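Got your viewer open? Grab the mouse and let's take a walk through this one, stop by stop.

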Amino acid sequence: MNGAAPEQKRTWTTGTAPGIFPLLGHGIALYRRPLAFLNSLPAHGDLVEIRLGPRRAWMVCHPELAHEVLMDPHTFDKGGPLYDRLGKLMGDGLVTCQQSAHRDRRRLLQPAFRPSHAAAYTELVAEEAESVCEGWQTGRPVPVTEAMMTLTTRVISRVLLSDSLDDPTAAQVRDCLADVVRGLFVRTVVPIDALFRLPTPANRRYRRALARLHAVIDAVIAERRRGTARDDVLGTLLASAHGDGGAPARTDQEIHDHLITLLLTGAETSALSLAAAFSLLARHPEAEQRLHAELDAVLPGGRRPRPDDLPDLVRTRCVVSETLRHSSPGWLFTRVATRETELAGCRLPAGATVLYSPYLLHHDLSSFPDPERFDPDRWLPGRPTAAQRRAMMPFSAGNRKCLGDEFAMVEITVALATIAGRLRLRHLPGYAARPPRPAITLGPRSLVMVREPRAHGLSQTSSSSAPLPRRAVRTRQAPESRSAGDHSVDNA
């Protein structure tokens with residue numbers, strides 16, 4: 001007779017969030033104090049009913065329920081107010097397409113974002129990171145968020161379009177993306193179309209930004225058709241337009257939608273992650289010292305990172321992973337039930353909106369003790385528990401996991417190493433951390449810091465700050481780091 005105790009099935013709890021406003025639902029709370037509102041929900045259950053405008057919706061408040069939703073994309077498909085709005089911007093691209101069309105579109109775009117390709121982008125990222133910080137003067141203010149948006153827009157545009165965007169156009173795209181993500185959020189939490197047809201300054205700014213983004217992409221496609229084929233994502237898409245090898249032909253609209261999707265998702269989230277990392281490091285000098293010690297050892301003299309340096313940047317990647325846990329830019333996503341189903345013992349009708357929040361899951365006390373504390377050492381080799389790896393989903397999970405999750409991790413890691421290897425950023429006098437301005441993504445949108453020089457060399461730090469040996473990196477770091485960054489902002 002087997003003496004093992006039978007596994008007990010968890011009993012889930014459900015409830016309804018208080019404070020429903022007529023017509024607006026919980027949209028006011030989500031807009032004015034989004035993180036406080038999210039943090040209040042687990043007290044009401046593992047699955048909590050809320051209102052998005054007049055629409056009923058259910059928020060998942062436990063990592064296991066989130067995995068149940070994300071691992072069953074046929075029952076919980078892309079949809080809901082977020083993707084309704086994104087569809088008007090991105091068309092029927094990889095982010096917004098239904099599950100039935102997903103495999104074909106992912107297969108088309110996957111080759112450019114395989115891990116082996118992501119490592120090859122190291123030089124590109126390091127070059128752009130050097131360029132963006134070379135004009136910063138010691139003791140002078142630096143517009144960090146703007147600079148990181150410039151960096152990531154240049155990187156993703158080169159991956160997608162080679163050198164088709166000149167500097168002024170890339171700057172326009174950067175500014176348009178910022179206006180779009182702010183406008184998308186309020187349209188998601190208060191999905192009442194009549195409000196957004198009013199000729200307010202915010203509505204006009206949003207429409208202008210959309211029109212400009214679409215015009216830039218149309219112009220690039222038209223120019224490429226008249227010119228020489230290039231080995232980039234646009235080149236792959238244009239080659240697929242003929243439907244060679246039995247694959248379906250791509251229309252100009254499909255190509256346009258794919259580029260808009262990848263441009264939006266590839267610039268904003270990485271930029272906000274980098275800005276958040278510099279802000280958090282400035283407020284946590286011990287973590288910053290450990291990072292600098294590793295960079296001094298792996299990249300002596302502040303040299304550029306190379307692909308073969310990536311396995312040795314253990315603490316650097318830990319800083320990135322902890323930033324994504326502590327301040328994940330992708331913070332709120334929706335799914336739609338394709339049929340009547342049960343979740344956490346609650347019957348959901350077909351068409352029900354289900355939400356999950358990486359921010360909420362990453363600040364779950366049962367998974368991450370002291371969740372508000374910024375502690376990159378959580379992600380050192382061998383440290384994360386199975387529960388922590390499972391709860392960590394800044395880039396989603398399942399077969400709709402981000403196409404570019406490893407690319408994003410390489411991009412942020414290399415950019416952080418390149419810049420932090422040369423200089424230190426400090427907050428302005430009187431700085432106080434404030435709740436982030438709500439948008440489709442969350443992060444420090446107008447962060448300004450001061451450049452300070454830093455001396456290189458391990459003698460500045462204690463021996464406990466020394467980088468891990470290379471052997472530990474190669475034999476133990478890779479599996480843990482993949483789990484810490486194994487899912488991307490919900491864009492695939």
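**Stop one: a ring on the inside**

Select F407: with a relative accessibility of 4%, it counts as buried (under 20% relative accessible area, with over 50% being exposed and anything in between partly exposed, using a 1.4 Å probe and protein chains only). Before you go on, know that this is a predicted model, where local features need pLDDT of at least 70, side-chain atom pairs count only at pLDDT 80 or more, and totals for chains, interfaces and linings use all residues. Residues are numbered from 1 along each chain as its sequence is written, and side-chain values use heavy atoms, with hydrogens and water left out.

Now add Y121, which is also buried, at 16% relative accessibility. How far apart are the ring centres of Y121 and F407? They are 5.3 Å apart with planes at 85°, so this pair is edge-to-face. (Rings of Phe, Tyr and Trp, the last by its six-membered ring, pair if their centres lie within 6.5 Å; planes under 30 degrees apart are stacked, over 60 edge-to-face, the rest tilted.) Along the chain the two are 286 residues apart: Y121 is in the loop between α6 (115-120) and α7 (122-133), F407 in helix α17 (residues 405-420). Helices here are DSSP runs of H or I with at least four residues, strands are runs of E with at least two, and both are numbered from the N terminus.

**Stop two: a tilted pair with a visitor**

Next, select F368 and W379. Their aromatic pair is tilted, at 6.1 Å centre to centre and 55° between the planes. Both F368 and W379 are buried. Add R325, and you'll find its charged end over the ring of F368, 5.4 Å from the centre. (That needs NZ of Lys or CZ of Arg within 6 Å of the ring centre and within 35 degrees of the ring normal.)

**Stop three: a three-stranded sheet**

Switch to cartoon view and find the open sheet with the order β5-β11-β10, paired antiparallel. Strands pair if DSSP finds at least two bridges between them. Why do β5 (141-143) and β10 (424-427) stand at the edges? Each has a single partner strand, so one side of each lacks a neighbour in the sheet. Between β10 and β11 (residues 448-452) there are four bridges, and R424 stands opposite E452 in β11.

**Last stop: zoom out**

Show everything: the protein has 18 helices and eleven strands. Of its 492 residues, 58% are buried.
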